[in-house]
Amino acid sequence: MKTQQLMQGNEACAFGALYAGCNFYAGYPITPSSEIMEIMARELPRRGGVFLQAEDEIASISAVIGAAWGGARAMTATSGPGFSLMQEGIGYAAITETPCVVVDSQRWGPSTGQPTKAAQGDVMQAIWGTHGDHPVIVLTAGHVRDVFEMTVAAFNLAELYRVPVVLLLDEILSHMRENIFVPEPGELEVIPRSRPVNGAKPVAPFGGPFIPLGYGVRFSVTGLAHDDWGFPVEGPPAERLLRRIVEKVWSKAREIARYEALYLDDARAVVVCYGIVSRPAESAVEALRSEGLKVGLLTLKTLWPFPDFLFRELPTTVEYVLVPELNLGQLVREVERAVGGRARVEHLGRVDGYLLTPEQIAGRVVENLGRRV
Amino acid sequence: MTFVARDPVQVRLTGTGGQGVITAGIILAEAALMDGRNVVQTQSYGPEARLGASKSEVIISSRKIAYPQVTVPDVLLCLSEDAFNKYFRDRHDDTFVLLDSNVTDEPVEDGRRVFKLPIVATALQVGHKVVVNVVALAALNALTGLVSQASLKEAVLRRVPARFRELNEAAFAAGEELATMVGEAIP
């Protein structure tokens, strides 16, 4: 019989990564992500993997990219200040189409901010933090089992789309413990690394599946605009590269979308949430439903590419959309754009380091919807 | 004993960094899990690892737990003066409160729901201040029945290295003994 375990969010992230076959970790410790690194330091060597404590976060992301090209399933974890330093490397991973996973356990910022307080202030940075148009997939999680599953999903999506995948956690979820059924081997899909077929004609290293170095194909890996063999180009081939690497993610929003919808069918109001805020949001929506108010809940687990289709397909009964976030208004802008004026969109932000409460969320919905059913 | 834990029940354990209140929360959560309940444990502390006020919260429920933090505690433990000053006021009429004897000189005990016990002093008597969280948990659970005694004891011993097993068993027994000092006082 399956037994439950009391597991911390960071623990679930580390064991989710190992479940997905992660065999390389490089990082620099920072609250509230440090437990991920501690567990990887303990677990990877005994499983034949490599653990590296780097001198800073720039070295960490660089080592992760190098390890991926060396054939490893590689990840790093950090928090806001370290995530800022990693942006250059994330851009390099994007243009070199390197599968890798970057976990950012968000804390109150900017700068050193409040290391032990939660926030969702890194959402736009996760999407747009590195310069230039670029592909990236951004995921998030709201409970401990979710952290495990979304970490596995991060490795799968990195492999499938050859992109850096950012998993956004936060201080509360990282440090929170709850009882979960830990997935058994084989329970969750793990997409393996593709391998070249023996004796087959060498294929170009860019534009197809990820083939690490060392399989007899000679090519270049560079941050310069490049052709399918990695050699520098300019003009139309550079444009083709950029359009291809961005479109491979933007055109797959539906396939990449992970979300949960509750009570949407007859909803007049919808609470749109992600990450740890999904917890008070769920409590709020359940309470409002029990009072007979027609309120739905949409919990996003993929933040980028943004699942526009979910908002285009909202029922026509929806007249009000509330987006509670632990920031001053970030994802709400995407929601507003995707809703496209079909309903009124409002933001509810909390930035004192503490979690929004069910009462704050329910209260705002009631203010706007009234008690009419 | 007439204190009947609500379902879900919200527990807030507070003290000073280094007193082990976060570990106490984890132990209580593990015991609740052994009892077959759903549980969420969260924590809050300052940027300093030691000596700031720290707080560990546990919600125990037979149903799914959505909101993971304590709104108003049903059970409150304060092991330090800082923690008392910060967290004592936040309670409802039926909140069961256990205080260390030294957290305040004010006569806050009501013989009904608010009690003081010499928890820190008992830990020192048992052998080391490091077991203050185990003394406190054993006493608190004896008074409130949050989890079964067997699960709590097992959860404590699972966390403890073999060489400290006896010390922690003694701390657990001393905590339960302490609880008998107020056992009769509860109407």
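Pro32(A) sits in the loop that connects strand S2 (24–27) and helix H2 (34–46) of chain A, where helices (H or I, at least four residues) and strands (E, at least two) are DSSP runs numbered from the N terminus. The bond between Thr31(A) and Pro32(A) is a cis peptide, with omega about 5 degrees. The model is a predicted one, in which local features need pLDDT of at least 70 and side-chain atom pairs count only at pLDDT 80 or more, while totals for chains, interfaces and linings use all residues; side-chain values use heavy atoms, with hydrogens and water left out. Residues are numbered from 1 along each chain as its sequence is written, and chains are lettered from A and ligands numbered from 1 in the order in which they are written.

A cis peptide bond is also present from Trp304(A) to Pro305(A), with omega near 0 degrees. Pro305(A) belongs to the loop between strand S13 (302–304) and helix H11 (308–312) of chain A.

Positive phi values occur at several residues of chain A. Glu97(A), although not a glycine, has a phi of about 50 degrees. The loop that holds Glu97(A) runs between helix H4 (80–95) and strand S5 (100–108) of chain A. Glu97(A) counts as buried because its relative accessibility is 1%; buried means under 20% relative accessible area, exposed over 50%, and partly exposed in between, with a 1.4 Å probe and protein chains only. Tyr263(A), likewise not a glycine, has a positive phi of about 55 degrees. Tyr263(A) is placed in the loop between strand S10 (259–262) and strand S11 (269–274) of chain A, and its relative accessible area of 33% makes it partly exposed.

A positive phi of about 55 degrees is also found at Arg162(A), just after H6(A). Helix H6 of chain A covers residues 144–161, 18 residues in total, and spans 25 Å from its first C-alpha to its last, close to the 26 Å expected at 1.5 Å a residue; the expected span is 1.5 Å times one less than the number of residues. H6(A) is mostly covered, with 16 of its 18 residues buried.

Helix H10 (residues 278–290) and helix H13 (residues 358–369) of chain A pack with their axes 8 Å apart and at an angle of about 50 degrees. H10(A) is therefore oblique to H13(A). Axes are lines fitted to C-alpha atoms, for helices over the stretch in contact, and angles run from 0 to 180 degrees between N-to-C directions; those under 35 degrees count as roughly parallel, over 145 as roughly antiparallel, 65 to 115 as roughly perpendicular and the rest as oblique. The crossing of H10(A) and H13(A) is right-handed, the near helix being turned clockwise from the far one by less than a right angle, whereas anticlockwise would be left-handed.

No disulfides were found over all chains in a search of the whole structure, a disulfide being a pair of cysteine sulfur atoms within 2.5 Å. The sulfur of Cys100(A) lies 11 Å from the closest cysteine sulfur, that of Cys22(A), too far for a bond. Cys100(A) is buried, at a relative accessible area of 1%, and Cys78(B) is buried at 0%.

Chain B has a mean pLDDT of 92, and 94% of its residues reach 70 or more; pLDDT is the predictor's confidence in each residue, from 0 to 100. Among the elements of chain B, the mean pLDDT is lowest in strand S2 (residues 38–45), at 92, and highest in strand S4 (residues 75–78), at 98. Val132(B) is part of helix H4 (residues 132–144) of chain B and is buried, with a relative accessible area of 4%. The C-alpha atoms of Val132(B) and Met181(B) are 17 Å apart, with the two positions 49 residues apart along the chain.
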